[in-house]
Structure formats: C-alpha cells, structure tokens
Amino acid sequence: DPAASDHIRSTLDATMAQRSRAEWIDILADAGTQYAPVWEVAEALEDPHVQARGMAPWITDEAGHRYRQIGAPVKLSRTPAGVRHLARLPGEDMEFVQREYGLEEGRINGGGPK
C-alpha cells in the first residue's frame, strides 16, 4: 500500500536500528533468506568476491604512484586471462590530444609559442 510507505519505512528503520549489521547478517543467514549487506565503499572494495573478479585493481604508474581503478563489470568468456583494459592515467594522452587539436609541436605539453 503506497499510502503506508512512510509508516513501513519508519518501522523498518526502528527495527533495524535495534541490532548491528553483523547481527542482522547472522539472523538473515540463519533464516535462509536472500539478503546482501550494504557495505561502505571501502568495505565493498575489499570484499572477497569483488577482489576475485578483479573489480577494483591497484595499478602503479611509471613514477611509482599507486591508483585504484574500478574494473569492468562485464567479464566475457572469450577474453584471454590477464587481459585488462584499465583506464588511462591522467595526462597519458596529453600529447595525442594536443596533436589532434592541431597544437604546433613546440607548444605541446606547455612549450613556448612557435
């Protein structure tokens, strides 16, 4: 009943506040129902399933800086193991983009006027 949604929501909020997330996970698991915890972002990135699927890999750039990237959620059966197409790091394509927009060679990457 849509008219009861506020009441239902407030009742659920009050009920859920009575126990910790860990307690609710145990209760729902014991009940044999379908459930999934709502994780904080940092927790979700460390989840074993997320890690096993390569959904949040760490990469290191040429300067040794480590970055975390979000992986592609679609995994295709014909993609060879270990093949990754991670996002480009900031600035990696700067020269290409500057050339594509016609910037003269001497001005690429902040060089002076030609």
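Is glutamate 46 buried, partly exposed or exposed? Glutamate 46 counts as partly exposed, at 47% relative accessibility, where buried means under 20% relative accessible area, exposed over 50%, and partly exposed in between (1.4 Å probe, protein chains only). The structure is a predicted model, in which local features need pLDDT of at least 70 and side-chain atom pairs count only at pLDDT 80 or more, while totals for chains, interfaces and linings use all residues. Residues are numbered from 1 along each chain as its sequence is written, and side-chain values use heavy atoms, with hydrogens and water left out.

The overall layout comes next. The chain contains five helices and two strands, and its order along the sequence is α-α-α-α-β-β-α. Helices (H or I, at least four residues) and strands (E, at least two) are DSSP runs, numbered from the N terminus. Of the 114 residues in the chain, 12% count as buried. About 9,600 Å² is exposed by the chain, and carbon and sulfur atoms supply 56% of this area; accessible areas come from the Shrake-Rupley method with a 1.4 Å probe, and for residues only the protein chains shown count as cover. Among contacts (heavy atoms within 4.5 Å) between residues at least 6 apart in sequence, 10% join residues at least 24 apart.

Glutamate 46 leads on to the salt bridges. Three of them are found in a search of the whole structure, a salt bridge being a side-chain nitrogen of Lys or Arg within 4 Å of a carboxyl oxygen of Asp or Glu. Glutamate 46 meets arginine 68 in one of these, at 3.0 Å from N to O. Because arginine 68 lies in strand S2 (residues 66-68) and glutamate 46 in helix H3, this pair ties together parts that are 22 residues apart in sequence. Arginine 68 is partly exposed, at 24% relative accessibility.

Helix H3 also takes part in a salt bridge between glutamate 43 and arginine 21, whose closest N and O atoms are 2.5 Å apart. Glutamate 43 belongs to helix H3 (residues 41-46) and arginine 21 to helix H2 (residues 21-31), so the pair ties together parts that are 22 residues apart in sequence. Both partners are partly exposed: glutamate 43 has a relative accessible area of 30%, and arginine 21 has a relative accessibility of 34%.

Arginine 9 and aspartate 13 form a salt bridge as well, with their closest N and O atoms 3.2 Å apart. These two residues both sit in helix H1 (residues 5-16), four residues apart, or about one turn of the helix. Arginine 9 counts as exposed at 56% relative accessibility, whereas aspartate 13 is partly exposed at 42%.

Arginine 21 appears again in the lining of the second largest pocket, along with Met16, Arg19, Ser20, Trp24, Ile25, Leu28, Tyr35, Ala36, Pro37 and Val38. On a 1 Å grid over the protein atoms alone, a pocket is an open set of points with protein on both sides within 12 Å along at least five of seven lines, and lining residues have an atom within 4 Å of a point. This pocket holds about 210 Å³ of space; grid points are joined across faces, edges and corners, and the volume is the space filled by probe spheres set on the points. H2 gives the most to the lining, with four residues. The lining divides into eight nonpolar, one polar and two charged residues, where Ala, Val, Leu, Ile, Met, Phe, Trp, Tyr, Cys and Pro count as nonpolar, Asp, Glu, Lys and Arg as charged, and the others, Gly among them, as polar.

Isoleucine 25, one of the lining residues, is found in helix H2 and is partly exposed at 22% relative accessibility. Leaving aside residues up to four places away in sequence, isoleucine 25 touches Tyr35, Pro37 and Trp39. The C-alpha atoms of isoleucine 25 and alanine 36 are separated by 7.9 Å, with the two residues eleven apart along the chain.

Technical notes. On a 1 Å grid over the protein atoms alone, a cavity is a set of points where a 1.4 Å probe fits but cannot get out, and a pocket is an open set with protein on both sides within 12 Å along at least five of seven lines; lining residues have an atom within 4 Å of a point.
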